[in-house]
Amino acid sequence: RALNLAGVAIDDVVFDRLAQLTTLRELNLEETSLDGQRLLELCQRLPALVSLDVQKSPIARDKIKLRALLAELRSRDRQATLRPEPVDEGPDLLTAPFDEGAATRARALWAAYLNSPEHMANTLGMKLQLIPPGEFRMGSEETYLDLVERFPAVREAEEENAVTRLGLESARPQRTVRITRPYYLAVHEVTNGQFKKFVEATHHKADPEPKNKRGWGYPNKHPKGPRGLEYSGTPGRGYTWQQWGVEVNDQAPVVDVTWNDAVAFCDWLSRKEGKTYRLPSEAEWEYACRAGTTTRYWNGDDPERLTAIANVRDLAARQKYGWANTLSSSDGSASASEVGHYPPNNFGLYDMHGNAAEWCSDWFSISYYRELPLPDPTGPPAGAMHVVRGGSWHSSAIFCRSAHRAAEVATHRSNHIGFR
């Protein structure tokens, strides 16, 4: 009924004799050199076997082969045991690069494993997509000088700005990062209409700021010609998420909201839905933005192709506002556009580049990538600013890259920044 062959070398002759013990129920093969296929064959030839020990063997580190062995044992007895028992960690993780087909298959596998939907919609009509976990390269190896050379349209003031330079350098060194848990992410950025429901339900008051610095917006007319950004502290102005100088509608992304406003929205939605809503971590955001790609943008390296998938600083903005350092191609929008107007990435997410830059949950640190942990990083324990990702309708292509990092204080309000 039981046999202990721990540490015993099993050649073909011994294997065949062992396979003839059809009434054997317990077998100890610790330290065996048999591979997964031979062990599976042995299990199939021993119909009474319900207990197998392969600890301290090479196969003990192969969770896929262990799962196959356990499944075979339990096909004849639901109480059968295998040592070591494989940890049930779900389907295999994706590993970048991967394409839309691989992302779709992985999402279906994880949805089945979790017994959860691949897609869902909440009471606000917000669509959420299950993001299967995986491993990717976070950040970029492009140095500041590389980027300035490759993006000559970056305006001189930004090239000389020390904060901008540090931000461009802060995505180095590129690191391998693993997201080990699936999560749901909104398909679109939070819209004006959705944020309006939050304000109406809670009477939320936006973060107080100094009276001369309440938010960014555009005057209808500007004395210097093309309309330029100004604070709402300018006499007669009152820029807020509801009105920042351009026509907005309920389907456009909400902007001119602070990090604190975004967190308050998530807290309210958590109470309303009975589920936990939060801002994504910086690592979750970049993994979702890249969606298996390894290039500057999810559709390649060429900035001029960015206008095919994103609302950024382009020819339309140059024609309307007289801006410099725009792309020569046009995305058809001079300011924020309705969410979902451009194609989605491999994960089915829209506007990960451009439209509205997006708050992340993490504190920002310039040196964080030097000590970035491999699994599920959530940012430094403290800091002065929070991470902003993705670039916006106002941003040059260099600031819309998958790897680009920006940061603002939690009370900053800009008509470029929203959240998802």
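**Close-up views of a predicted model**

**View 1. Tyr 287 and the residues around it.** Setting aside residues up to four places away in sequence, Tyr 287 touches Leu 94, Phe 98, Ile 131, Pro 132, Pro 133, Gly 134, Glu 135, Phe 136, Ile 179, Tyr 183 and Phe 347. Keep in mind that this is a predicted model, not an experimental one.

**View 2. The largest nonpolar core.** Zoom out from Tyr 287 and you get to the largest nonpolar core, a set of 30 residues in which Tyr 287 and Phe 347 have the most contacts. Helix α10 (282-290) chips in at least two residues, and so do α4 (100-114), β8 (134-138), β9 (175-179) and β10 (183-186). The largest share comes from α10, with 5 residues. As a rule, nonpolar side chains in soluble globular proteins tend to be buried together.

**View 3. The largest cavity.** Looking for cavities of 30 Å³ or more turns up just 1. The largest cavity has a volume of about 30 Å³. Its lining is made up of Ala 96, Phe 136, Arg 137, Gln 174, Arg 290, Thr 293 and Thr 294. Sort those lining residues by type and you find 2 nonpolar, 3 polar and 2 charged.

**View 4. Asn 192 in helix α8.** Here the spotlight is on Asn 192, part of helix α8 (residues 192-202). Is Asn 192 buried or exposed? Its relative accessibility is 5%, so Asn 192 counts as buried. A polar atom of the Asn 192 side chain sits 2.9 Å from the backbone oxygen of Asn 249. Beyond its neighbours within four places in sequence, Asn 192 is in contact with Trp 241, Val 248, Asn 249, Asp 250, Ala 252, Pro 253 and Val 254.

Conventions. Residues numbered from 1 in each chain as written. Predicted model: local features only at pLDDT ≥ 70, side-chain atom pairs only at ≥ 80, totals over all residues. Heavy atoms only, no water. 1 Å grid on protein atoms, 1.4 Å probe; cavity = no way out; pocket = protein on both sides within 12 Å on 5 of 7 lines; lining within 4 Å. Points joined across faces, edges and corners; volume = space filled by probe spheres on them. Nonpolar A, V, L, I, M, F, W, Y, C, P; charged D, E, K, R; others polar. Core = buried A, V, L, I, M, F, W, Y, C linked by side-chain atoms within 4.5 Å. Buried < 20%, exposed > 50% of the residue type's maximum accessible area, 1.4 Å probe, protein only. Helix = DSSP H or I, 4+ residues; strand = E, 2+ residues; numbered from the N terminus. Contact = heavy atoms within 4.5 Å. Polar contact = N/O pair within 3.5 Å; in protein donor to acceptor, adjacent residues only side chain to side chain.
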